[in-house]
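Please open the model in your viewer and keep the selection tool at hand. The stops below follow one another, each with something to select and something to look for.

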Amino acid sequence: MTNRPLSVAVIGLGFVGMPLSLSYAMRGAHVVGVDVMAGYVEEINAGISHHQEYHEGRSLAEILREQLAAGRFRATTSYREAAAETDHYIITVGIPIVNGDPDLSALRACCTELSKVLKRGDTVVLRSTVIPGTTEDVVLPLLKESGLKAGEDFYLAYCSERIAEGRAFEEFVTMPIAMGGVNEASVEKARALLSFVTEAEIMVTDIKVVETAKVIENVQRDVNIAMVQEFARFAERFGIDTFEMIRVANTHKRVNLLYPGPGVGGYCVPNALYYLLPKAKQLGVSVELLELARRINDGVPTVMADMLEAALKENGKTLRGSKVALLGLAMKDFTNDDRISPPHVIADILRSRGAEVAAYDPAVPKRHAYQLDKLSDAVGGADALALLAVQREFLELDWHSIAAMMADKPVLLDAKNRIPKSVEKINGAKLVSI
């Protein structure tokens, strides 16, 4: 028996890896975070983080600084350093989609580096969203380059990641998880590692089942959202409130419609189809409905731009030459994640049509020429405004004052069902809801 605390290396310190690392550290584990970006690692070790995650009233940045000070967490770019301190690895490296195809180069590089330092007795758990079959067809062969035998010398499992950004700390504990191992010994090693944080049910099944189920979980959301986008277009033409229509429909115990927005963003849902397609094509299986849903959701930013242009025209203005304020650049509410974010697509469309775009999001780091540092600079004198993502600062906005800051007869597009109808009493404003 040993009193040495659990030691774990989390590889990939992004929107999953960072809160996961701190979840282990807060429970007493010794955690080494590994990431390839040296500048990012330096920021983390300095206690700097822009993640919009909170736990018991504390921000992720506060928790990070606490765990750094306690010596339970640190970050590095070195696999060798991590290997010297740990015998458990959790891989959260992302697989980006490039021109419709999954790019496994980062995951392959991770496994190659890990194989160079893997030791007897080590446990490896892959938690990235992958093409079904990746754990056994890609990860396992690369780790075998260590010269060690999987299931005997080291242990390998796959566990799907199911957290929602903004609720990571809570859901790492409470969300039921599914996992599979290359053998029973791997299952037991991985179960012990996962249950250190997870208090919910841990379901064990075949690795391929878990990989596929994870992709399908995300794809079903894509299909659900595409469906409600079409319902929204119907409701607009019919002159009824989309959100009220869905609220009423959801009172049926077997109905669970999501709500429409300015599009589907982030790293999970828009990419899910493209993780499934390679295996579907290999197996000769058609997924036409899923592909249609993806096309519908890809087209929503254009619909938003069209709605703004039509409303401006009704108010005697043209989109070309108009100033359009975009509030919220994140891919969803209450996050700083703007990867594959519909607001950026909308900004590009509006700019291509001759509009002046002025965007404001207090949570998203400034990376674009059209981002402004102050809300008043974005809204002041704007001919149109689109609320595309909600941040905490926006919860207390006085929309009447916002409308008063804009140009005469402004258009306000509400993609989040938060702007009151009474705003139309101010400055000749026109409110457009999706």
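How do the residues of the lining of the largest cavity divide into nonpolar, polar and charged? Before you count, bear in mind that this is a predicted model, and then select Arg127, Arg162, Ile163, Glu171, Phe172, Met175, Ile177 and Thr198, the residues that line this cavity. Coloured by class, the lining shows four nonpolar, one polar and three charged residues. The space they surround comes to about 40 Å³.

A search of the whole structure finds two cavities of 30 Å³ or more, and the second largest is the next stop. Select Phe15, His51, Gln52, Glu53, Glu165, Gly166, Thr335 and Asn336 to display its lining, which is made up of one nonpolar, five polar and two charged residues. About 30 Å³ of space lies inside this second largest cavity.

Now turn to a helix, and select residues 60-70, which form α3. Within α3, highlight the buried residues, namely Leu60, Ala61, Ile63, Leu64 and Gln67. Looking down the axis, you should find that these residues cover an arc of only 160°, which puts them on the same side of α3. To see what that side meets, add α1 (17-26), α2 (38-45), β3 (54-55), β4 (58-59), β5 (73-76) and α7 (168-174), against which the buried residues of α3 pack. Before leaving, select Gly71, which follows α3 and has a positive phi, near 75°.

The next selection is helix α5, residues 105-117. Its 13 residues, at 1.5 Å a residue, should span 18 Å, and if you take the distance between the end C-alpha atoms you will find 19 Å, which agrees. Highlight Leu107, Cys110, Cys111, Leu114, Ser115 and Val117, the buried residues of α5. Seen down the axis of α5, these buried residues fall within an arc of 160°, so they line one face of the helix. Their packing partners are β1 (7-11), α4 (79-85), β6 (88-91), β9 (123-126) and α6 (134-144), which you can add to the view one by one.

From α6, pick out a single residue, Val139, which lies in that helix. Is Val139 buried or exposed? Its relative accessibility is 0%, and therefore Val139 counts as buried. Leaving aside residues up to four places away in sequence, Val139 touches Leu107, Cys111, Leu126, Thr134 and Leu156, and two of these names, Leu107 and Cys111, will be familiar from the list of buried residues of α5. For a sense of distance, select Leu6 as well: Leu6 and Val139 are 133 residues apart along the chain, and their C-alpha atoms are separated by 24 Å.

The last stop is the second largest pocket, which holds about 630 Å³ of space. Begin with Glu236, Met307, Val432, Ser433 and Ile434, which lie nearest the centre of this pocket among the 24 residues that line it. The elements that give two or more residues to the lining are α9 (207-238), α10 (242-249), α13 (300-314) and β17 (430-433). Which of these elements provides the largest share of the lining? It is α13, with six residues. Colour the whole lining by class to finish, and the display should show twelve nonpolar, four polar and eight charged residues.

Methods. Residues are numbered from 1 along each chain as its sequence is written. This is a predicted model: local features need pLDDT of at least 70, side-chain atom pairs count only at pLDDT 80 or more; totals for chains, interfaces and linings use all residues. Side-chain values use heavy atoms; hydrogens and water are left out. Buried means under 20% relative accessible area, exposed over 50%, partly exposed in between (1.4 Å probe, protein chains only). Helices (H or I, at least four residues) and strands (E, at least two) are DSSP runs, numbered from the N terminus. The arc is that of the directions from the helix axis to the C-beta atoms. Contact means heavy atoms within 4.5 Å. On a 1 Å grid over the protein atoms alone, a cavity is a set of points where a 1.4 Å probe fits but cannot get out, and a pocket is an open set with protein on both sides within 12 Å along at least five of seven lines; lining residues have an atom within 4 Å of a point. Grid points are joined across faces, edges and corners, and a volume is the space filled by probe spheres set on the points. Ala, Val, Leu, Ile, Met, Phe, Trp, Tyr, Cys and Pro count as nonpolar, Asp, Glu, Lys and Arg as charged, and the others, Gly among them, as polar. The expected span of a helix is 1.5 Å times one less than its number of residues.
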